[in-house]
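Here's an informal walk through a few spots worth a look in this structure. Keep the viewer open as you read.

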Amino acid sequence: MAATSLYQSSYPPQLTPEQQEYLATTVHEWTITNGLVVRLRSANGAAEDSETSHAGTIPITLFPSRFPADCFLEALEIQTAYNRLYAAVASDEEWLGRVVQELAPIDSFIAKLWEIHETVKAEGYVQDLSFGLFRSDYMVHYPETQERPTIKQVEINVNSAAFGGLAPQVTSLHRYLNSVNAYPESASSTIRAGSLPPNPSTERIVAGLAATHAAYGPSPSNHPLCIVLIVQDIERNVFDQKHLELSLFSETKANVFRLPFTQVLQHTRLDTERRLLYSPPAFPDRIYEVSTVYFRAGQSPDEYNEVTWEARTHLERSRAIKCPSVLLHLAGFKKVQQILATPDSPHLARFLAAERECERVRATFAPMYPMDMSLDGLKGREMATNPEIAKRFVLKPQREAGGNNIYRGAIPAFLQNVPESQWPGYVLMEMIEPPAQRNAILRDGELQSGGVICELGVWGTVLWRRTDQGIEVLKNDEAGYLLRTKSDQSEEGGVAAGFGSLDSVCLVDV
Ligand code: ADP
Ligand code: MG
């Protein structure tokens with residue numbers, strides 16, 4: 001069958017213990033030298049939070065994974081359409097409001113986000129620009145019945161998506177290992193026969209943020225402009241963010257400050273024009289005006305309490321350009337993806353005018369179903385509660401960051417313990433069937449070799465203005481990629497959540 005032509009190979013080869021040791025040491029030294037690292041956990045499992053805590057190699061594959069070239073190119077090429085799509089959804093308050101209306105009674109997190117929008121709207125928004133930094137995640141779908149592999153979207157991330165600052169380093173590492181002949185000859189020749197494409201994710205994400213900063217325009221307040229990164233109190237993936245911060249500073253010459261979500265109210269205030277003014281704790285006399293607020297926190301309900309809800313409202317009221325705004329955050333919920341991806345859904349055409357573009361985006365959808373009382377929802381409920389049929393599906397709540405989904409056979413029993421009134425908060429999605437392949441993952445000094453599943457993320461940046469007629473897109477770019485690879489024994493894929501590892505693509509023709 002077709003699947004064998006791509007993946008049934010001896011790649012990567014078995015390594016001798018000496019080769020393993022040599023590769024692991026070379027990887028470790030390279031990653032420390034180049035900052036392809038995460039903060040290590042302390043002995044009790046908590047992330048270290050002090051500046052002096054240690055960093056170590058991020059979980060990573062020893063070899064680049066083979067990936068079908070045409071799937072890769074298609075995913076890159078449609079990113080600007082996805083950017084426009086989600087900019088349009090986030091700006092269509094009426095449509096989004098109807099989605100929220102269904103979820104708000106059973107999901108207080110979504111209800112509260114919408115409430116912030118309504119509060120700011122009542123007062124009047126003072127910023128009509130929005131910036132989206134997206135990562136659209138895909139798997140290669142290659143069931144036996146299909147002649148060629150295609151890509152199917154797992155989800156799109158609009159808030160706090162990670163690893164744009166580290167991904168290019170993985171390509172550099174794998175290229176380095178190949179060029180210094182650290183791989184056995186059979187692996188080198190496979191890699192030479194394919195190609196390791198450049199990955200410009202850091203520079204392009206930074207270009208998007210820098211354009212946003214520039215679009216904010218000069219300040220009449222005479223305060224220097226700055227960019228603020230809203231961060232979690234404890235962040236292991238800090239070096240991914242640092243690569244972006246340092247590069248953003250080089251590009252803009254504006255200070256990029258890290259501000260914990262919990263401390264927003266302490267260190268910022270709004271002036272009479274609702275400019276967001278920031279004073280760094282180390283120099284409380286200095287005042288900066290914030291052009292851009294880039295969230296790397298605040299995507300999950302467990303990060304919210306009275307103080308952080310107020311902080312989120314405060315930031316939304318401000319003149320700073322938000323990445324993401326509250327409306328964009330709402331557009332990123334899986335419910336929106338499901339509405340677009342339900343078979344025969346008419347909704348996509350509302351947001352993407354060009355028919356060819358619609359078709360290409362639609363081709364990346366895996367079928368998704370609601371779990372409400374609509375006709376499609378009744379179909380979803382029937383499939384999810386049938387033990388045989390449920391095996392082909394994953395059930396997802398409106399949550400991010402890994403560890404929330406219910407897979408296959410576990411779905412019917414899970415639903416038995418959820419009151420039916422809560423079912424509309426879930427979406428049901430057909431499982432994507434990636435082809436079998438192998439790799440070796442280095443995690444916490446240990447090497448695991450075996451079957452793996454790859455997930456490709458494509459970055460997109462889009463800056464747009466809301467107008468009375470709709471939206472005016474000012475800048476729209478595909479911004480490089482991320483490959484995450486996990487053991488095929490795990491359904492979940494998150495690197496931070498402890499399942500996945502960073503990887504790079506070796507493109508091959510099928
Ligand atoms: P999260 O917001 O938690 O990242 P995802 O939708 O990305 O949620 O799902 C988490 C993981 O579950 C993915 O990284 C992927 O490994 C797996 N997964 C999700 N949906 C599918 C699917 N339709 N087919 C196969 N695997 C999936
Ligand atoms: Mg995900």
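Let's start at the surface, keeping in mind that this is a predicted model. Leu378 counts as partly exposed because its relative accessibility is 38%; the cut-offs for that class are 20% and 50%. Leu378 sits in helix 17, which spans residues 375-385. Together with Met373 and Leu375, Leu378 makes up a nonpolar surface patch, and the three share about 360 Å² of accessible area.

Next, the annotated positions. Which residues does the UniProt "binding site" annotation cover? The record, an unreviewed entry, lists Arg135, Gln241 and Arg484. Here's how two of them look in the model.

Gln241 is part of helix 10, residues 238-252. Is Gln241 buried or exposed? With just 2% relative accessibility, Gln241 counts as buried, since the buried class is anything under 20%. Once you set aside the neighbours within four places in sequence, Gln241 is in contact with Leu229, Val231, Glu235, Arg258 and Arg296.

Arg484 belongs to a strand rather than a helix: strand 19, covering residues 470-487. Arg484 has a relative accessibility of 9%, so it goes down as buried too. Its side chain makes a polar contact with the side chain of Asp137, at 3.2 Å. Arg484 and Asp137 also belong to a salt-bridge network, along with Arg135 and Glu455. That puts Arg135 and Arg484, both covered by the annotation, in one network of salt bridges.

On to salt bridges in general. How many are there? The count comes to 31 salt bridges. Three of them are set out here, with the distance between the closest N and O atoms.

| Salt bridge | Closest N and O atoms |
|---|---|
| Arg360 and Glu74 | 3.0 Å |
| Lys391 and Glu388 | 2.7 Å |
| Asp477 and Lys475 | 2.9 Å |

Take the Arg360 and Glu74 pair, at 3.0 Å. This bridge links distant parts of the chain: Arg360 is in helix 16 (residues 355-362) and Glu74 is in helix 3 (residues 69-77), with the two positions 286 residues apart. As for Glu74, its relative accessibility is 25%, so it counts as partly exposed.

The Lys391 and Glu388 bridge has its closest N and O atoms 2.7 Å apart. Lys391 is partly exposed, because its relative accessible area is 40%. Glu388, on the other hand, is exposed, at 54%; that class begins over 50%.

In the Asp477 and Lys475 bridge, the closest N and O atoms are 2.9 Å apart. Asp477 has a relative accessible area of 28%, so it is partly exposed. Lys475 also counts as partly exposed, with 27% relative accessibility.

One last stop is His267. Where is His267 found? Look in helix 11, which runs over residues 264-267. Why does His267 count as buried? The reason is its relative accessibility of 16%, as the buried class takes in values under 20%. Leaving out residues up to four places away in sequence, His267 touches Leu259, Leu277, Tyr278, Ser279 and Pro281.

Methods: Residues are numbered from 1 along each chain as its sequence is written. Chains are lettered from A and ligands numbered from 1 in the order in which they are written. This is a predicted model: local features need pLDDT of at least 70, side-chain atom pairs count only at pLDDT 80 or more; totals for chains, interfaces and linings use all residues. Side-chain values use heavy atoms; hydrogens and water are left out. Patches are made of residues with over 30% relative accessible area and no salt bridge: like charges are joined within 9 Å, nonpolar side chains (Val, Leu, Ile, Met, Phe, Trp, Tyr) within 5 Å. Accessible areas come from the Shrake-Rupley method with a 1.4 Å probe; for residues, only the protein chains shown count as cover. A salt bridge is a side-chain nitrogen of Lys or Arg within 4 Å of a carboxyl oxygen of Asp or Glu. Helices (H or I, at least four residues) and strands (E, at least two) are DSSP runs, numbered from the N terminus. Buried means under 20% relative accessible area, exposed over 50%, partly exposed in between (1.4 Å probe, protein chains only). UniProt positions are given in the numbering used here, feature names are shortened, and annotations may be inferred rather than shown by experiment. Contact means heavy atoms within 4.5 Å. A polar contact is a pair of N or O atoms within 3.5 Å; within protein, one must be able to donate a hydrogen and the other to accept it, and residues adjacent in sequence count only if both atoms are side-chain atoms.
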